[in-house]
Amino acid sequence: MDGVTQDHDAGGSARARHVAIIMDGNGRWAAKRGLPREAGHRAGIEALRRVVRGAPDLGVEMLTVYAFSTENWRRPAEEVSALMRLLVEFLESETPELAAQGVALATIGDLSVLPQESQAALRRALASTAGGGRLLLTLALNYGGRAEIVRAAKKLVRMVQAGDVSLDDVDEAVFARLLDTHAMPDPDLLVRASGEERLSNFLLWQSAYTELWVTETLWPDFGMEHLQQALRAYAGRDRRYGSHS
Ligand code: IPE
Ligand code: IPE
Ligand code: MG
């Protein structure tokens, strides 16, 4: 799949094949219950399980979820290590189930600075789900849109310097192939839980014409009814891509 080959027909928005989700609000969910933030992250993983199980039945083929941003390292070390621990736990407990459901796991973001244990668990999970053809589940880990664009720009400079590509041939398609998301089309729909109306550095390049849908629901409370609601809203949108309606 080409990262920039899209269904650009004006008004052609009936089904969202690729849904991106900013899984936000775990901390507030826990605080409301007088629980530690980690409990919110655990409940957030349950919400992810539900959505992954149900999404293919709604016609979703790709789900890209923001799990840890390049800015999330600013959190207390204790919370960061809890998140890394939960990631490994999720991968280890969920991989057989994901494989059985036909879910293929992938990642975007710079994994090289994640703990070795997380990297190893990711390698194992990616290998054992590689055959999944029902849903592509991409985890954004140590992901930031700006960092991704800078990494792509550096790759491009090296390619030009090496003479592998001529500067005159560089266009959006060439650039998009250097992004972490090179193997998937841009998201059709971006869902954000917890009511914040911002991208928080998620898929900056890829969201150029993505439809946005924000719910006040905190991520741990998110369920299939919310995904259905988002997809219904999407079906009513008129995607014009700058063209006339
Ligand atoms: C999202 O929930 C999970 C991550 C960023 C890892 P938060 O932890 O940001 O929850 P809130 O926004 O503080 O409620
Ligand atoms: C975005 O949520 C990152 C993830 C959900 C992983 P944040 O909670 O980090 O974003 P801000 O700080 O509210 O913008
Ligand atoms: Mg948050």
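A polar contact is taken here as a pair of N or O atoms within 3.5 Å. With that cut-off in mind, the tour of this predicted model may begin at the ligand.

Select ligand 1 and display its surroundings: 13 residues are found there, and the closest are D24, G27, R28, R37 and R75. Next, show the backbone of G27, where an N or O atom lies 2.8 Å from an oxygen atom of ligand 1. Turn then to the side chain of D24, which places an N or O atom 2.8 Å from an oxygen atom of the ligand. The side chain of R37 likewise has an N or O atom 2.8 Å from an oxygen atom of ligand 1.

Proceed to the largest pocket, whose volume is about 680 Å³. It is lined by 30 residues; to find its centre, select M23, N26, Y66, A67 and F68, the closest to that point. Colouring by element shows that α1 (26-32), α2 (37-54), β2 (62-69), α3 (77-100) and β4 (135-143) each give two or more residues to the lining. Recolour by residue class, and the lining of this pocket divides into 14 nonpolar, eight polar and eight charged residues.

Finally, colour the protein chain by pLDDT. The chain averages 95, and 95% of the residues score at least 70. Among its elements, strand β1 (residues 18-22) has the highest mean pLDDT, 99, while α3 has the lowest, 97. Select residues 1-10 last: the pLDDT is below 50 over this stretch, which nevertheless has 27 contacts in the model beyond near neighbours in sequence.

Methods: Residues numbered from 1 in each chain as written. Chains lettered and ligands numbered in written order. Predicted model: local features only at pLDDT ≥ 70, side-chain atom pairs only at ≥ 80, totals over all residues. Heavy atoms only, no water. 1 Å grid on protein atoms, 1.4 Å probe; cavity = no way out; pocket = protein on both sides within 12 Å on 5 of 7 lines; lining within 4 Å. Points joined across faces, edges and corners; volume = space filled by probe spheres on them. Helix = DSSP H or I, 4+ residues; strand = E, 2+ residues; numbered from the N terminus. Nonpolar A, V, L, I, M, F, W, Y, C, P; charged D, E, K, R; others polar. pLDDT = per-residue confidence, 0-100. Contact = heavy atoms within 4.5 Å. Near = heavy atom within 4 Å. Polar contact = N/O pair within 3.5 Å; in protein donor to acceptor, adjacent residues only side chain to side chain.
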